[in-house]
Amino acid sequence: MKNLSFLRLSVWFYLAIFFAYLLGPLVIMSVTAFNSPGFPQATPWECLTFEWFSALFQDERILNGIKNSILVGAGTVVLSVAMGLAGALMLTQIWPKLRATYYTVIIAPILIPGVVIGISTLVFWDRINRMVGLGADSFLSNGLFLTIIGQSTFIASYCMLVLVARLQRYDIALTEAALDLGATHAQAFRKVLLPFMKPAIASAAVLAFLASFENYNTTTFTFGEYPTLTIELAQKVRYGITPAISALAFIIVVLTVFAALFNEATIRRRELVAAARKDATVEELESGRLRLPGFLSSNWAALGLVGVACFTIVIVGTATVYSPAQCIAEVKEQKRLETELRIQELRQRRADEAARRAAEEAENGASDAGGATTSEPAPSGGNNSGFGGVFDPNALGGGDAATSDGEDESSAPAPATGGSSAFGGAFDPNALSGSNTSDDN
């Protein structure tokens, strides 16, 4: 029992970490859409504002990118689902020995990098355009055409995988029975196979649209004059982002959650209705007195859908009546006061540092002056250093600069060991000891 409880706690702990890792960035980015600073940040929180949604809807480039993304997505859905359905039908009917090879060829575009697909699409259709002799403004060079073709190259493979999974559950005897009853192949396909494939076709269409909407690598080389939303967002990020992008992310997250809950609520209601019809009596079915469950009864997805709808209505209603001007003004005034306080602290710190340096310089000057008055005066003519008289101004004249006891320079006898050169006694062996030697005759 203890091991089972520990296992359950471990599973719940793992799920909590997993969903926090998966959904945490989306939640934080959604929060930044309602914070007033000009750069997306969740903390520190300043003021609740809805101005970034207004800035988003006034951004012409973002709106143009959304329009182009929708056009490219619609074209990609039509082309990818058609090619995916054809590939799925061929895969189920081809000779079994060739099935593995055919499957590898169809799946190969998924494994090719999007950059390679984008460049190859651009080069290939440009060569076709030149061979046909069309101009640079032809539809083969149009950004929408190239982007749809480039994205459909690999998105069709995703659609084929979804359709194959559904087609493997199809009983081919249904088509054969329709043909035996006189239906043509087109009628059997339209009235027997397509109704069975509708759920898979819808799923493949949604998958193709989402893959096209978020594609960037392939679209970078093919968009031409029709930049999609991802291209516009990438260009905006290079020059600095604003919380308007967070507002767009919040809208996309809300729409995705709303669509997912609506689909789940619809599926859940169908299951409840089917269960109610199964448990009903023949009399209730014939009389029409069968009581079907409501949309909200035993349907958690429907309750979540209603909650999301109410949350959206509250957000929109609050945005129409709430004004953050006073809060933003107070925050600006507080920032101004904090800036002035920091400037004053910096100035005071610099003044204290300058005063400390001046005091140290004055103290050092006083100590130097005291040391100069107490020291003995240096002799005016003698040089007791180890270099002798090499630096004496009169050394270049060859004479001794110092005289003693008032005797004339001409009458003073030259020292026996002292050099008469311009270097004085620099090379005297006894010069390093600081003493001058002379011979007494």
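Two residues are in contact when heavy atoms lie within 4.5 Å. In this protein, 67% of the contacts with a separation of 6 or more are accounted for by residues 24 or more positions apart. The model is predicted: local features need pLDDT of at least 70, side-chain atom pairs count only at pLDDT 80 or more, and totals for chains, interfaces and linings use all residues. Residues are numbered from 1 along each chain as its sequence is written, and side-chain values use heavy atoms, with hydrogens and water left out.

The protein contains 13 helices and zero strands, where helices (H or I, at least four residues) and strands (E, at least two) are DSSP runs numbered from the N terminus. Of its 441 residues, 25% are buried, meaning under 20% relative accessible area, whereas exposed means over 50% and partly exposed lies in between (1.4 Å probe, protein chains only). The accessible surface comes to about 29800 Å², with 63% belonging to carbon and sulfur atoms; such areas come from the Shrake-Rupley method with a 1.4 Å probe, and for residues only the protein chains shown count as cover.

Helix 12 illustrates the arrangement of buried and exposed positions. This helix spans residues 300-321, and Ala301, Ala302, Leu305 and Val308 are buried in it. They lie on the same side of helix 12 because they cover an arc of only 120 degrees around the axis, the arc being that of the directions from the helix axis to the C-beta atoms. The cover over the buried residues of helix 12 includes helix 10 (243-279). On the other side of helix 12, Trp300, Leu303, Val314 and Val321 are exposed.

Notes
The expected span of a helix is 1.5 Å times one less than its number of residues.
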